[in-house]
Amino acid sequence: MDGAEKPKRRPRVRRGSGELTVADVARQAGVSPMTVSRVINRLGNVLPETRARVEAAIAALDFVPNPAARSLAGRPQCRIALLHSNPSAAYLSEFLVGSLAGAAETDAQLVVEHWDGRDSPTRLAQRLTDHRIDAVLLPPPLCDDAALLAALSASKLPLAQIATGAPVAFADAVSIDDEGAAHAMTRHLLALGHRRIGFIAGDPNQTASALRQTGYARALRDAGLDVDDELIVQGDFTYRSGLDASERLLSQMPRPTAIFASNDDMAAAVIALAHRHRLDVPHDLTVCGFDDTAMARAVWPEITTIRQPVADMAHRAMLRLADRVRAGASPDAPAPLHEELAFTLVERASDARPASA
């Protein structure tokens, strides 16, 4: 090989080492780091040929995006706050499962904060912006708090309402047809032969509560039955309120043959009180709930209920918020979307035909 020209060595490319950055991909593709970031995060406003060039560079370098790389080009990490005050631990647990899945999928940081109303909505909004929160996820009952919604909107924070019956124009919203679901459950009870059906209403400050009561009453009227106000008792979605409400219903003569509670926590309380009164569920009393949280499967007998896909609703809302935050003021930024998911009536062991039938 003396006197012969040595072949040029190809530059070594670090593959999958974790050392590669967005800047390396940008140099390979001949674009700016910001453009690479937009392609990685599936944002708009990138020409198809440019996107293809960036994707080819990512493949050639075997580049694996990570949180640090995604925050290059001056873009801060996406921080989404889950603001809650729901008294039901079972509901909040379902909500957290979906929120965490969405955070992991979108590479966002989830910040969980309880708000009890002692701070004003304006002070809360200021604290969130001071802590560099980029968007806010609102489960019930905060999704229906008009003052809170107004304060967060004034702070320019993207919002998502979950399970609200009154979506606002400036926020994303994911819900189900609460009225239709309650109508379906009441029709199910009527089909079993029940005619004296008690109803435990939910928190009157939540829009979903009124919708569920409307669905219950509509199903009775559709069946040619009068709506008996004595059979409608107020609750607030807590187990304690379910005990109090079912005590009032079961003290009536004649007592209801079925009780439809507006959530699973209150339905579980009805079953507990029925056992205390030595009533067999479902032979002496049918009990149904709403939401299909873990509570519905933790009691005996397991509760017939409406499955509200709480985890899926939270997951979808997280994806929407992350997209809106990362799009910023781009012309291609997604507009708020109001989405309605399907519900399912889940039959378990707590319902049966009335004994008199």
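**Exercise 1. Strand β5 and its partners**

Which residue is the bridge partner of Gln161 in β5?

*Solution.* The partner is Ala173. This is a predicted model; local features need pLDDT of at least 70, side-chain atom pairs count only at pLDDT 80 or more, and totals for chains, interfaces and linings use all residues. Residues are numbered from 1 along each chain as its sequence is written, and side-chain values use heavy atoms, with hydrogens and water left out.

Step 1: find the strands. Helices (H or I, at least four residues) and strands (E, at least two) are DSSP runs, numbered from the N terminus. Strand β4 covers residues 159-162 and runs parallel to β5, joined by three bridges. Two strands pair if DSSP finds at least two bridges between them.

Step 2: look at the other partner. Strand β11 (residues 338-341) also runs parallel to β5, through four bridges. Here Ser175 stands opposite Glu340.

Step 3: check the cover. Buried means under 20% relative accessible area, exposed over 50%, and partly exposed in between (1.4 Å probe, protein chains only). Five of the five residues of β5 (172-176) are buried, so the strand is largely enclosed by the rest of the structure. One side carries Asp172, Val174 and Ile176; the other carries Ala173 and Ser175.

**Exercise 2. An open sheet and its helices**

State the strand order of the open four-stranded sheet, then place two helices on it.

*Solution.* Step 1: the order is β7-β6-β8-β9, with parallel pairing. The edge strands are β7 (232-234) and β9 (286-288), each pairing on one side only. Neighbouring strands are turned by 20 degrees against each other on average, direction ignored. Axes are lines fitted to C-alpha atoms, for helices over the stretch in contact, and angles run from 0 to 180 degrees between N-to-C directions.

Step 2: take one pair. β8 (residues 258-261) pairs with β9 in the parallel sense over three bridges. Ile259 stands opposite Val287 there.

Step 3: add the helices. Contact means heavy atoms within 4.5 Å. Helix α10 (residues 239-250) lies across β6 (197-201), β7 and β8, at about 155 degrees to β6. Helix α11 (residues 264-276) lies across β6, β8 and β9, at about 160 degrees to β9.

**Exercise 3. Thr286 in its strand**

Is Thr286 buried or exposed?

*Solution.* Step 1: locate Thr286 in strand β9. Step 2: read its relative accessibility. The value is 0%, so Thr286 counts as buried. Step 3: list neighbours, leaving out residues up to four places away in sequence. Thr286 touches Leu189, His194, Thr257, Ala258, Ile259, Ser350, Asp351 and Ala352.

**Exercise 4. The nonpolar cores**

Which helix gives the most residues to the largest nonpolar core?

*Solution.* Step 1: define the set. A nonpolar core is a set of buried Ala, Val, Leu, Ile, Met, Phe, Trp, Tyr and Cys residues joined through side-chain atoms within 4.5 Å. Step 2: find the hubs. Of the 66 residues in the largest core, Ile80, Phe95, Leu137, Ile162, Ile200, Tyr216 and Phe260 touch the most other members. Step 3: name the helix. α11 gives the most, with eight residues. Step 4: look beyond this core. A second, separate core of 19 residues includes Leu128, Val136, Leu159 and Val168.

**Exercise 5. Helix α8**

Compare the expected span of helix α8 with the distance between its ends.

*Solution.* Step 1: compute the expectation. The expected span of a helix is 1.5 Å times one less than its number of residues. Step 2: apply it. The 14 residues of α8 (178-191) should span 20 Å, and the end C-alpha atoms are 20 Å apart, which agrees. Step 3: check the cover. Ten of the 14 residues are buried, including Asp178, His183, Met185 and His188. Step 4: see what follows. Gly193 comes after α8 and has a positive phi, near 110 degrees.

**Exercise 6. Backbone exceptions**

Locate two cis peptide bonds and two positive phi values outside glycine.

*Solution.* Step 1: the Val281 to Pro282 bond is cis, with omega near 15 degrees. Pro282 lies in the loop between α11 and β9. Step 2: the Trp300 to Pro301 bond is also cis, with omega near -5 degrees. Step 3: Arg132 has phi near 60 degrees and is exposed, at 68% relative accessibility. Step 4: Lys156 has phi of about 65 degrees and sits in the loop between α7 and β4. Lys156 is exposed, at 72%.
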